[in-house]
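Okay, thanks for squeezing me in. Let me put the structure up, and then I'll talk through a few things in it.

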Amino acid sequence: MPNIKWDDVNESESLEKGTYLARIASWKRAVSKNQSLMVEVAYKIQEPMKYAGVTIRDRFVVGVPGVGDADQWGMVEDDVIDGTSVGTKILKQTMKAAHVPTSGETEIGETLESALDQDLIIYVENEIYDGKARPNVKGHFAIGEREVRIEEEVTVASPSPVTRLAARRQRIPATVPRS
C-alpha cells in the first residue's frame with residue numbers, strides 16, 4: 001500500500017472570499033509550468049475559527065523562464081532571481097507583512113526560513129485554475145492593517161416583499177410611473 005504525505009493534501013477548496021489571519025507554515029522550492037524558479041508558501045488559517053487549521057498555498061515565480069530546477073536552486077547564477085518579476089515583488093510584500101527583514105541582500109532560503117511561524121493577514125478570492133475553482137491569495141497585510149472577515153456575496157434580485165413594504169410605508173411608488 002503506498003504512503004500519503006498528509007502535509008501535501010490541499011484542504012483549501014472550501015475557503016470563502018475574505019481576509020484571514022494566517023501563519024506561514026512551510027515553504028518549498030518549485031518549478032513553474034514554463035520552468036521558472038518558484039517559491040510555494042503554505043499558510044495555516046488561524047482565524048476565523050470556522051477555517052482554523054485549513055491550509056492554503058501561495059506561489060511566487062521568482063526566476064526567469066527556462067532555467068528552473070528545484071534541486072539546483074541556490075547553485076545557479078546570481079541573476080536567476082528576477083527582482084523585477086511580479087512574483088518577487090509580491091513575495092517581498094508578503095515578507096514585509098510578516099515583519100521579516102527585506103533590506104540588503106540575503107539568501108532567499110534564509111529569508112523564507114525566518115518567515116516560518118510568522119502571522120499575517122491574507123486576502124483570498126476564488127478563481128478558476130485548470131478548470132477548477134480554488135482559493136487564491138490576492139493580498140498580504142500586516143496584522144492590524146485589515147480586519148479578519150468573510151465577505152458576503154452580493155446578488156442582484158427582484159425587490160423582496162420587505163423592500164416593497166418599506167416602499168409602501170414611505171409612500172414611494174414601487175414602479176416608475178409612465179410619462
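I'll go from the core to the strands and then to the rings. One thing up front: this is a predicted model.

So, the core. The largest nonpolar core has 27 residues, and the ones touching the most other members are Ile24, Val39, Tyr43, Ile45, Ile56, Leu91 and Ile122. Six elements put in at least two residues each: strands E1, E2, E3 and E4, plus helices H1 and H2. E2 is the top contributor, with five.

Let me pick out Ile122. If you skip neighbours within four places in sequence, Ile122 contacts Tyr43, Ile45 and Ile56, among others. That list also includes Gly18, Thr19, Tyr20 and Ala22, and further along Val137, Gly139 and His140.

Next, E2 and E3. They run antiparallel, with seven bridges joining them; one of the bridge partners is Val61 in E3, matched with Met38. E3 is mostly covered, by the way: five of its seven residues are buried.

Now the rings. How many aromatic pairs does a search of the whole structure find? Just one. That's Tyr20 with Tyr51, edge-to-face, 5.7 Å centre to centre and 80 degrees between the planes. Tyr20 sits in strand E1 and Tyr51 in the loop between E2 and E3, 31 residues apart, so the pair links distant parts of the chain.

Are those two buried or exposed? Tyr20 counts as buried because its relative accessibility is 0%, and Tyr51 counts as buried because it comes in at 5%, with the cut-off being under 20%.

Last one: Arg146 lies over the face of Phe141, 4.0 Å from the ring centre. Okay, over to you.

Key
Residues numbered from 1 in each chain as written. Predicted model: local features only at pLDDT ≥ 70, side-chain atom pairs only at ≥ 80, totals over all residues. Heavy atoms only, no water. Core = buried A, V, L, I, M, F, W, Y, C linked by side-chain atoms within 4.5 Å. Buried < 20%, exposed > 50% of the residue type's maximum accessible area, 1.4 Å probe, protein only. Helix = DSSP H or I, 4+ residues; strand = E, 2+ residues; numbered from the N terminus. Contact = heavy atoms within 4.5 Å. Pairing = 2+ DSSP bridges. Phe/Tyr/Trp six-rings, centres within 6.5 Å; stacked < 30°, edge-to-face > 60°. Lys NZ or Arg CZ within 6 Å of the ring centre and 35° of its normal.
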